[in-house]
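Colleague: Before we discuss the model, I should like to see the sequence and the coordinates. Please then explain the terms that you apply.

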Amino acid sequence: MINNRYYVKSLEEDFHTKTLKNKRKVNFQSIHDILKTKKIKPNTKSFGCERRLSTTIIHKNYLKSYRSQGIIFQTSEKPDCILPFDLVLLSKADKIIVHY
């Protein structure tokens, strides 16, 4: 159980999470749905992994998010993937394949 940990789920400019459908990026979950249901659905699918919830942990040494908009939340459940940076940016791949 995690106590007193805060996370950020970044959102696109239109305040939605996105996923790929037929090779097109489409709305997956809106900020309104997140607030209404109090659940963030796993939308990230990349690096051969199953769909997962990727978040950033808020820490005194890193107070940023992947995008300029998002939702800050606290949970007793550990998100599937917590990174204070984007793994894709660390790679040297010319053609990066990422599925949202």
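Modeller: The exchange below takes up the terms in turn and sets values against definitions.

Colleague: How do you know how far the model can be trusted?

Modeller: This is a predicted model, in which local features need pLDDT of at least 70, side-chain atom pairs count only at pLDDT 80 or more, and totals for chains, interfaces and linings use all residues. Residues are numbered from 1 along each chain as its sequence is written, and side-chain values use heavy atoms, with hydrogens and water left out. The score pLDDT is the predictor's confidence in each residue, from 0 to 100. The mean pLDDT of the protein chain is 75, and 67% of its residues reach 70 or more. Among the elements, helix 1 (residues 31-37) has the highest mean, 95, and strand 8 (residues 98-99) the lowest, 46. Where pLDDT is low, the predicted coordinates should not be read in detail.

Colleague: What makes a stretch a helix or a strand, and how many of each does the protein chain have?

Modeller: Both are DSSP runs numbered from the N terminus: helices are H or I with at least four residues, strands are E with at least two. The protein chain has 2 helices and 8 strands, in the order β-β-β-α-β-β-β-β-α-β along the sequence.

Colleague: Why is the pair E12 and K25 called a salt bridge?

Modeller: The term requires a side-chain nitrogen of Lys or Arg within 4 Å of a carboxyl oxygen of Asp or Glu. In E12 and K25 the closest N and O atoms are 3.1 Å apart, so the pair qualifies. E12 lies in the loop between strand 1 (6-11) and strand 2 (16-21) and K25 in strand 3 (residues 24-30), so the salt bridge ties together parts that are 13 residues apart in sequence. The whole structure holds 2 salt bridges; K18 and D14 also form one, with closest N and O atoms 2.8 Å apart.

Colleague: Why is K18 called buried and D14 partly exposed?

Modeller: Buried means under 20% relative accessible area, exposed over 50%, and partly exposed in between (1.4 Å probe, protein chains only). K18 is at 12%, and therefore counts as buried. D14 is at 36%, and therefore counts as partly exposed. In the other salt bridge, E12 is buried at 15%, while K25 is partly exposed at 40%. Of the 100 residues of the protein chain, 32% count as buried.

Colleague: What makes a set of residues a nonpolar core?

Modeller: The members are buried Ala, Val, Leu, Ile, Met, Phe, Trp, Tyr and Cys residues joined through side-chain atoms within 4.5 Å. The largest such core has 9 residues: Y7, L11, I31, I34, I40, L53, I57, I71 and F73. Strand 1, helix 1 and strand 6 each supply at least two residues of this core.

Colleague: How do you know which residues R5 touches?

Modeller: Contact means heavy atoms within 4.5 Å. Leaving aside residues up to four places away in sequence, R5 touches I57, F73, Q74 and T75. R5 belongs to the segment before strand 1 and is partly exposed, at 44% relative accessibility. The C-alpha atoms of R5 and I57 are separated by 7.4 Å, although the two residues are 52 residues apart along the chain. Among contacts in the protein chain between residues at least 6 apart in sequence, 62% join residues at least 24 apart.
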